Structures are given as C-alpha cells and as structure tokens.
Amino acid sequence: MQYAKIIGWGKCTPPATLSNKDISTVVDTTDEWISTRTGIKSRRVSHVGTGELATVAAKRALDCAGIAGEDIDLVLLATCTPSTLVANTASYVQQQIGATGAAACDVNAACSGFLYALQNATAQIRAGMVKRAVVIAAERMLWHVNWAKRDSAVLFGDGAGAVVLEASSEELGLLATKTGCDSEDREILHIRNFGTDIDKHDSAQPSDILFQGKDIFKRAVKGMSEACDDVLSQANLALEDIDMLIPHQANLRIIQAIAKQLQLSDDKVMVNIQHYGNTSAATIPIALCEALEQGKIKPHSHIMSAAFGAGLTWAASYIKWGERVTPIIDSKAELPECKQTGLELMADAINYCK
C-alpha cells in the first residue's frame, strides 16, 4: 500500500496590513463591530499577483522538504482569484520553481479548494501516477471586494500556503476525506460582474462578492460537521482521537460552532482569523503552517480539517502527521519589497467604488 506523506510546508503572507481601524475610514464600521461579528482584527494586502504569492509559498515548502522543484511531478494550485485564466496560474508557479516537465493545473472549489486539491494529489500518488506533488492555495480576495459595501469589505484578505507530498510506505498523510457540493443554493455566495456570463461590451462594473450570511452560517456548520463525522467514520476514529482541528477561517462564530459540534476544547482548535481574515482556499494551509510554528502539531498528530465555500462546496479531511515538525532548510524565498501601506495599495480600488 502506498500513501502520500506531507514532507514540506510553507506560507506566504504579504507584509502590508489593513486593520479594522483602517477599514473604518472607508466604510461605516468600527473595530468593535467587525471583531464581535467575525473575530477579525486585521488582514494582509498583496502588492503582487496570486502567482507570485503561490510561488513563494511553494518555494518555502520545497525548502522545508529539502528538495528542489525539479523533483516535483505535479503542481496543483487551489485558487478562485488566479493571476491568469489562460494560461493557468499553476503553470507560472511550475516555471518559477523549476518543476520542469511537471503537470500543472488550477483547482477552483473556492474556500474548499485546498482540501479538494490535497485529495486530488493524494489520489494520484496513491495510484502510482506521480511520486511527488506540491499543493498550493493562493488568493487575492481583496481584488474582488466592493469597497462601497461594508458586509463584504471587512471579511477578506490575501495570502498563500503550500505543502509537498511524497509517496511513502508509511501510513501517513491524508488518510480519509469527504468532499461534496450543495449546488441547489449556489447563488447565496457568488461573485458578480465577473466571468463570461456578463456582457463585456457593457460599461465595466466592479466585481462584487455577494452572500447571504445567515444561510451560509447554517449550511457551513451543517456541511462541515457532517463531513467531519463521515471522515471520522472512514478512519475508524473517535472525537477524542483528534489532536488538532484546522478549520477554514471564515468567521470565528462558525469555527466555534464547529468546535462545539465536534466537542473539541479551545486548545485543540487552530484559530488565526484575527490576523488574516478570510483568505479563501489559503486559510487552511496558512493555519497549518502556523500550528507547526507554534508547536501545536506534534509528531504523529491526528489532524482534522474542514472547509465550506462558494458552490456551495464543502470538504473535510483527516491527516496523520509524520515525525518531523521543523523545516530541513530555512527558506530564503521572499516577496519583492513593499513600500506602501494596505490603504495605499487599495486606494485606487476604494476610489473606484465610491
């Protein structure tokens, strides 16, 4: 039996920040209003494209694993905010990391994208199709924000995270997973004024993230909880066997509701939404990296992840961690220097939406 062991991990969070106080100068809101409803205090703003965020995260993951890009057979990039649609953004990452000859593909399952891509790469390794893969999630969600609307303006941020998978005889990596899509109500969360359904000859309108918060909350908690139950059953595990829950970081209230459903104490739940907001597909790999940095993931930990996104997609996964919890090589991969603040980076978009 062959498995897909996680041997490397890395994240890329842009240096420029946008605090709740900053946002209160743009829309009618306050730090207290945002914090109490979402758990978010700040978010990162990217000065580079999605492809560059993804590349730095991938390079850091490769260094962590102690391997080079040429050792990779498959590059999967989970994103709903690609730098380019044609060619796919994964091919840019493949080029930049030197993964010559590797297959490269974008995956769009919105906030569930990383777990979808992780399932895909794991299945290919377990089937013997590839030996090593890098799975990345990268998003520039603030590119889509309509700054005239408070509800969506406060929620999102930019960032990327990645893992490297390798074929192994050890029973490690993604061992149980459940993915699905509740498309009946897909319209309750979507981006309008984007895609080929619009009339490109009409006067341009800003892209706009639309959602129905109460319905999404109910469906997110239900979908993720049921998926986690299914995964536990597949893996023949009990709730008390789980050492760490790394959920999608969309809203602190949703995270708390999932933790309550799974009867997990706060020390077993990774939360970093306060620093980054909702980075869509990138939230889980960023949180995974930070859980490792903070010593919350120990050798041989049992890790549960769950996500819910536009579509309405949902996913849950059980990962058995290996022995190593520190990088083999401390990566020197960095983004280009940023000399602007978050508000300065967003100034043109904010003025356009007024």
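How many helices and strands does the protein have? The protein has eleven helices and 13 strands; both are DSSP runs numbered from the N terminus, helices being H or I runs of at least four residues and strands E runs of at least two.

This is a predicted model, in which local features need pLDDT of at least 70 and side-chain atom pairs count only at pLDDT 80 or more, while totals for chains, interfaces and linings use all residues. Residues are numbered from 1 along each chain as its sequence is written, and side-chain values use heavy atoms, with hydrogens and water left out.

**The whole chain**

Begin with the full chain in view. Its C-alpha atoms fill a box of roughly 55 × 45 × 35 Å along the principal axes. The radius of gyration is 19 Å, which agrees with the value near 20 Å that a compact globule of 354 residues would have; the radius is taken over C-alpha atoms, and the globule rule is 2.2 Å times the number of residues to the power 0.38.

Colouring by accessibility is a useful next step. Buried residues make up 53% of the 354 residues, where buried means under 20% relative accessible area, exposed over 50%, and partly exposed in between (1.4 Å probe, protein chains only). Of the contacts with a separation of 6 or more, 79% are between residues 24 or more positions apart, a contact being heavy atoms within 4.5 Å.

**Thr-79**

Select Thr-79, in the loop between β4 (74–78) and α4 (89–97). Is Thr-79 buried or exposed? Thr-79 counts as buried because its relative accessibility is 4%. Its side chain makes two polar contacts to display, each a pair of N or O atoms within 3.5 Å; within protein, one atom must be able to donate a hydrogen and the other to accept it, and residues adjacent in sequence count only if both atoms are side-chain atoms. The side chain reaches the backbone nitrogen of Thr-81 at 3.0 Å and the backbone oxygen of Ala-138 at 2.8 Å. Beyond its neighbours within four places in sequence, Thr-79 is in contact with Thr-50, Val-107, Asn-108, Ala-138 and Glu-139.

**Glu-52**

Move next to helix α3 (residues 50–65) and select Glu-52. At 30% relative accessibility, this residue counts as partly exposed. Apart from residues up to four places away in sequence, Glu-52 touches Tyr-92, Leu-335 and Pro-336. A C-alpha to C-alpha distance drawn from Glu-52 to Ala-137 reads 12 Å, across 85 residues of sequence.

**Leu-175**

Strand β8 (residues 173–181) holds Leu-175, which is partly exposed at 25% relative accessibility. Which residues does Leu-175 touch, not counting those up to four places away in sequence? They are Tyr-3, Tyr-318 and Lys-320. The C-alpha atom of Thr-89, 86 residues apart from Leu-175 along the chain, is 28 Å from that of Leu-175.

**Asn-236**

Asn-236 is found in the loop between α7 (213–235) and β11 (244–247). With a relative accessible area of 70%, Asn-236 is exposed. The C-alpha atoms of Asn-236 and Lys-268 are separated by 19 Å, with their positions 32 residues apart along the chain.

**Helix α8**

Finish at helix α8 (residues 252–261), whose buried residues are Ile-254, Ile-255, Ala-257, Ile-258 and Ala-259. An α-helix has 3.6 residues a turn, so residues three or four places apart point the same way. At the start of α8, a side-chain oxygen of Asn-251 reaches to within 2.7 Å of the backbone nitrogen of Arg-253. After the helix comes Gln-263, whose phi is positive, near 60 degrees.
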